[in-house]
Structures are given as C-alpha cells and as structure tokens.
Protein chains: 2
Amino acid sequence: MLVVQKYGGSSVANAERVLNVAKRIAETYEAGNSLVVTVSAQGDTTDDLIAKAKEINPSPSKREMDMLLSTGEQISISLLAMALEGMGLSVVSLTGWQAGIQTDSKYGVAKIKQINTERIASLLDKNKIVIVAGFQGINKYDDITTLGRGGSDTSAVALAASLHADLCQIYTDVEGVYTTDPRICPDAKKLKDISYDEMLELASLGANVLMNRSVELAKKYSVNLEVLSSLKKVPGTLVKEVRNMEKAVVRGVTRDNDVAMISLLDVPDEPGIAFKVFSLLAKKNINVDMIIQSIGRENNKDISFTVKIDNCQEAVDLLKENFSAARDVVYNDKVSKVSIVGAGMVSNPGVAATMFEAMYNAHINIHMIGTSEIKVSVLIDREYSEKAVASLHDKFILGK
Amino acid sequence: MLVVQKYGGSSVANAERVLNVAKRIAETYEAGNSLVVTVSAQGDTTDDLIAKAKEINPSPSKREMDMLLSTGEQISISLLAMALEGMGLSVVSLTGWQAGIQTDSKYGVAKIKQINTERIASLLDKNKIVIVAGFQGINKYDDITTLGRGGSDTSAVALAASLHADLCQIYTDVEGVYTTDPRICPDAKKLKDISYDEMLELASLGANVLMNRSVELAKKYSVNLEVLSSLKKVPGTLVKEVRNMEKAVVRGVTRDNDVAMISLLDVPDEPGIAFKVFSLLAKKNINVDMIIQSIGRENNKDISFTVKIDNCQEAVDLLKENFSAARDVVYNDKVSKVSIVGAGMVSNPGVAATMFEAMYNAHINIHMIGTSEIKVSVLIDREYSEKAVASLHDKFILGK
C-alpha cells in the first residue's frame, strides 16, 4: 500500500517528538508499505522566523517572506530523515522544489498547480522513505513559494492525489473528528468516518481539524483521508466518499465565534441593491457568510449578513460611506454561529424544526438562520453558544 | 563597477547588525555600483543546527546535514533582503541553487564546479541588488551541498570570478591583514596590499583572515580581493597580483599553535622509507607539514615531521604499528611554528640567517626549519612563541 502521512508542527516540536514520529513512520514502513511523509516546521519555528523578519522590516515582501519561512520545513525534513537514518532506514528528504511541487506565483498563499512526481517515484522504486517539506513549492520563476494556512495538509493531499496513494493520513494533536467540541460536550463521540461534504461543512464551521482547502482537494481527486492522533495509537476518522448517506441524519454540531452581524437598515428597495452591497465588499476581499434580506416597510428593506470579526469595522465604514440612503448601519460582534451538519439532512425535512425547538427549549433567541443541503446554522448571542451546542448535541447525537 | 561583497556570520548576527550591513550595501549601491552580496549564516545558527541534529542522530548522513545547514544562509539572505527592501531598494535574494552555483557531490566539503550566472546577470541588468546564500550549491542530482569551512568566502570569490567583477570585498571582524597578530605585537601594521602567494602563506600559517581555498581561487582567476572590517569604515588590505615584489622583504610574521612534532627514531635506511611513512599517513587523511630527515647513525636515520595536534595520537599509533623496525616513535605537542612571509625573500638570501639570529638573541631553541620561496618557518617550544613573534616583528617589520 502507498501511504502519504502528514505530521504537524507540534508533532515534531523537539528531538523527542521527532524520534517518536520516526518510530511511527518506521512501523508503517516495516509493515510493508511505501511511504511519503510531509512535515511542517517545528513548533514555534514559523512564528520565530516571522518575529525575526518584523524586527528588521515590518512589511517585508512576500517573496522574501517565503524564502525565509520555507527554511522551517527544510529543517524539519532533514531532522526527521536523520532520525530515520539513526534507525537504519533508507530515507531521503526533499524540499518542495526537489519534490516537484509546482505552484502559481502568489507568494504566501500559493496554490499547487501540479506535482512532477518523477523524483519521488524513482526513490519509492528504490524502497526509500521519502520525506517532503510541506507548505512549500516553486513557481515558474524558480522562486520558493509557500502555500499559506493549512499548507502542509494541502501538500500531503496533493502528493497523495498525484501519486495515486491508497491512503493519506493526517496526524494531528486530536484523535479524529468529533460530533462536537469535547471541551463543550464531554460526551462528544469520535466519528469513524465522514463524507467530504460533511467534513467541509464542519471545517468551515470552526472544527479546526482540517483546512477546507485540503478536504476540497481530497474530494476532487477521491483521496482517502484519515485524521488521527500523532500521540495516541488509536484509529482516527476516515474522510471519504460515504455512500450510505441516509443512515445518520446529524453527524456533528459546531460553533464559530469568529463572526459579526452587520445590518443595513431601511435601504431603498431598488433593483440590484444586494449586488451593489456584496460586490463592494468582495472588492475589498471581505467574505460574507450568512445573508438575510427582510421584506421591509414601505419601499425600504433591511439587509443583514455576517462577516469575520476582523472585517467588521471596515465593512461598516464602507457601507456607511457608500449607502448614505440607508437609515443606519448597525453591527453586533457578540454573536456565534452554531450549526448542525449531516449529509442525510436533505431528505429529513424535520431536522431544522427540531433544531429550532431545541433552541426554544433552551431559551435561546435566534438572530439569523442559514441552511444548505447538509447543514443548518443559527446565529445567536455568543454568551449562549456553549449551551446551544450542548443542547443540540444532546438532542441529535445523544452522546456516546 | 561590479562589486561582490561577502559578510560573515558575526556581521549579521542580529537585527541591528543586519540593518548595519544593509546600510553598507546601500552606500556601495548608491555610489553607482552593481552589487552582488554573499552572506553567511547568522552568528551561532550553524552550531545550533548541528546541535539539533546531534540530539537526534549523533552521526547523520552528510546529505541530510547539508539539507539542514543550508537553511542558515537562506535565513540570512532573506533577512538581509528585507532590510534593503525597508530602505526602498530593489533587491532579490537567491539560494545557492537559484544562483546557479553547481558543485561536485562531496556533501559537506563540496567544491564549486561552475556558476551558471544567467539569473544573476539578468537581475543585475534590471539594477537589482542580488543577495546570494554563501557556503552552498547544488549537485548534479539536484541535491543541496555545502562547501565546508570558509565556504562563504569561496562562494564570493567564485561569483566574482564568474561575473568578472571588478572587486571582491570580504568583510570580516578584523580591519585587514596585519604584519603579525596585533594581540601579540601592539605595533603590528595593517598591510595596504599583499600578493596572493603571500596571503596564501599567511593564511596557512595561522592568520585566520581568509581561507586558503578562496585565495587560491582568487589567484587562479585574478580576482581583486579586499579584506576589510564590517564595523569600522577604514580601508582594508588588497590581495592582488603585486608586481613590485622586491620592494619589501618580509611582509608578515605568523604563528601556528596547532602543530605537533613526531619523530621516527633509528629507522633502517632503506630506499622508499619516506614514501612508505607519508603514503601511510596520507591514506588516513593525515596532513603532514614540515619534514626533516636526519643523516642518522650507521645504517639508520631519523625522520621528523609535523602534523596538526588532533592527528598526533593517530599518527604515532600508526607508525608504531607499521614501523616496528624503528627504535622508537616520539612526539612533542608543545611546539609552535613561527614564520616570516614575504614575496621578496627569494632574492634576499640573508633573510633566513637574520631570522635565526633573532631567535638566538632571544635565547629560543629551534627544533626544525622549513623554507619555501616566500617564507621561512621555525618550529620552537610553544612557551616562547609570542616572544619569537615579537622579536621577528621587531627585527623585520620595525612596527608602525
């Protein structure tokens, strides 16, 4: 079996952990698998490098920043390779460019265009363990690029897709994907498997296990993903194309606190007003999530939507500046989005109603509602968000 | 004018020094020069990386060690580029492989085979300052290699040679090349210029300003070298083809404490004995420096030679094992080699005699004598070495 494994920065933070990861790799290899491993920068390395840079120049170019940050993974791969050499294993480390990871030229947030797997394939043919620097690649100018947040996961999935690997294992500091945050609900259950779409909804809703980018890529190329713990040896959660979608209705409950609600009040009801509002925000790279448009009074209407908290003030200022015809622009940054996710939802129309009932029973007021085929989200006051998660988990999942 | 500058690790050890170096570079650039800069790893970075590696594997492969160590220079070049960006200058940093520095495959001690200067030349054409990682290159397998000790100096000289630069400036923590160690003789003088050969002798004799390797390369390609201080703005020492060689006789006095004398006593006087002794040592990579062979008694003779202190015990053991016919093998590791260097020496036959006279006047016993066209060396007890340097400096150079 050809396996791609990815270990995050905390899994290789010091010598002891590097040796531990090496042991994991050795076990997989000695069980007869071919093995490609991607690894992130050790612990706080990336933050330390950023601090070093800021001391010298508060706003360095992204090209030079990528040149700097890519050293973090290069250090990790060589140390991990040395650990495996120490166990008598045959291993070669490769930087992003040596591994043939070609990206576009958006320094700092580069996207993988293709992987020229020739060198990796020939090393695997020679029974070598191949360690590849995650998070980085090379662009058409032969410059080093980095992939941005969640980049190492993306590297792993892209390698698995290009090499037609049988399995892509993402080792993290959690044991898998849970029905909800175990810190909120102690009876949260670990899921044995989950579909790509469910995982996408869970990730975007704040379950920070896998970045959406890597899940999207896995879905596109049908890569079997497994999320599992680098510390405990227990089975993780498989992310794959789940066929039997009607079995379970709600698979998980999530909460996102990084959300603010903005309302444009009494704006004249002209054609194209929504287009004008949201294209204005898009131009400033402000992502909008939930949107509702009220029917309004007379010839006016209200438009409400949510953004990330960091974007709130800028969005409010923009709207005030450009929509002076509106009576007012107000915002509330003390809200949370709580969602239930499950691929079976679309064929179970009572789910949303059950959710609202749970909120009602818990005396929680709902500001906004959003639905998709596999999730229902409600926007509520942040102070009640944990209570809401617990109530919903209790109602739908019923614990372990 | 096209200038190649090299800054050592201590010159870029922290943010303040990086900014300081950037200022230096900016001045050279703004004076109308084209500029390529090579830089070493910051301060103790290389040692820290080696320590990290040893914690994981006491004897890692050299390939992975090069993968690891090359990050040190990559960090330096990006930080230095950021500092220059902060001053509004147009700059690009390049790793060894991006700069086209092709080496052989001897990881850890690689030699530069050639530099493909296309990318650097095109950047210079666009008036960009080019910062190149010293100490590293790429081999024919697309693996990263490092050049070993003094590698950054070598990178700088090789770049200057390949680019046909007008000047190659090596910035160090000393102000230039002195007639002797100023810590021993406070009246040591800084030399305005020195020939390649004199510099080679001085370097090999312990004046640790430039590694021989880079001087040899400079000589081969007639690169004008300047050794100067990265801290003080004063002229340094030019290393170049000095025509008027008869002007000064003795240019410098040096001392080397890393030396031990070994004697093979009463070895049978057969043909090829010297060959046998020194080929045996060469096979074990033990470098021999001064050699004398005495006439000896009867059919026996004595062979004495010097090695580096680290090699002394191994050499003695080897000789005892392989030359049982010798009466004994003895050594003395409390000696120093003191030398006078000057290209004019060859045409001034009295120089050696004057040297021995100075030793006699200072009551210093001479164990061994070695001569070349531009130097005379004596091996003496280490306890008298400073006294010897001072006497010779006084005799030949006569201070400032």
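This report describes the fold of chain A, its pairing with chain B, and three loop residues of chain B.

The model is predicted: local features need pLDDT of at least 70, side-chain atom pairs count only at pLDDT 80 or more, and totals for chains, interfaces and linings use all residues. Residues are numbered from 1 along each chain as its sequence is written, and chains are lettered from A and ligands numbered from 1 in the order in which they are written.

**Chain A**

Chain A holds eleven helices and 20 strands; these are DSSP runs numbered from the N terminus, with helices being H or I of at least four residues and strands E of at least two. The radius of gyration of chain A is 23 Å, close to the 21 Å that the globule rule gives for 400 residues, so chain A is as compact as a globular protein of that length. That radius is taken over C-alpha atoms, and the rule is 2.2 Å times the number of residues to the power 0.38. The C-alpha trace of chain A spans about 75 × 50 × 35 Å along its principal axes.

Of the 400 residues of chain A, 48% count as buried. A residue is buried if 20 or more other C-beta atoms lie within 10 Å of its own, exposed if 12 or fewer, and partly exposed in between, with C-beta atoms placed from the backbone. Contacts require C-beta atoms, placed from the backbone, within 7 Å. Among contacts in chain A between residues at least 6 apart in sequence, 74% join residues at least 24 apart.

Strands β19 (residues 368-372) and β20 (residues 375-381) of chain A run antiparallel and are joined by five bridges; pairing requires at least two bridges found by DSSP. They form a hairpin with two residues between them, and Thr371(A) stands opposite Val376(A) in β20(A).

**The A–B interface**

In the interface, 27 residues of chain A are in contact with 27 residues of chain B. On the chain A side, the elements giving two or more residues are α1 (15-30), α2 (45-56) and α3 (62-86). The largest share, 14 residues, comes from α3(A).

Chain A can be laid on chain B with an RMSD of 0.1 Å by a turn of 180° and a shift of 0.0 Å along the axis. The two copies are thus related as by a two-fold rotation axis. In chain A, the C-alpha nearest the axis is that of Thr71(A), 2.7 Å from it. The superposition is by least squares on the C-alpha atoms of residues with pLDDT of at least 70 in both copies. The copies meet through the same surface, because 100% of the interface residues of chain A are also interface residues in chain B.

**Loop residues of chain B**

Most residues other than glycine have a negative phi. Two exceptions are tabulated, each with a positive phi.

| Residue | Phi | Loop between | C-beta neighbours inside 10 Å |
|---|---|---|---|
| Asn127(B) | about 65° | α4 (118-125) and β6 (129-133) | 11, exposed |
| Asp142(B) | about 65° | β7 (136-138) and β8 (144-146) | 13, partly exposed |

Gly236(B) lies in the loop between β11 (225-229) and β12 (237-240) of chain B. With 24 C-beta neighbours inside 10 Å, Gly236(B) counts as buried. Leaving aside neighbours within four places in sequence, the contacts of Gly236(B) include Glu175(B), Gly176(B) and Val227(B).

Note on methods: Contact = placed C-beta atoms within 7 Å.
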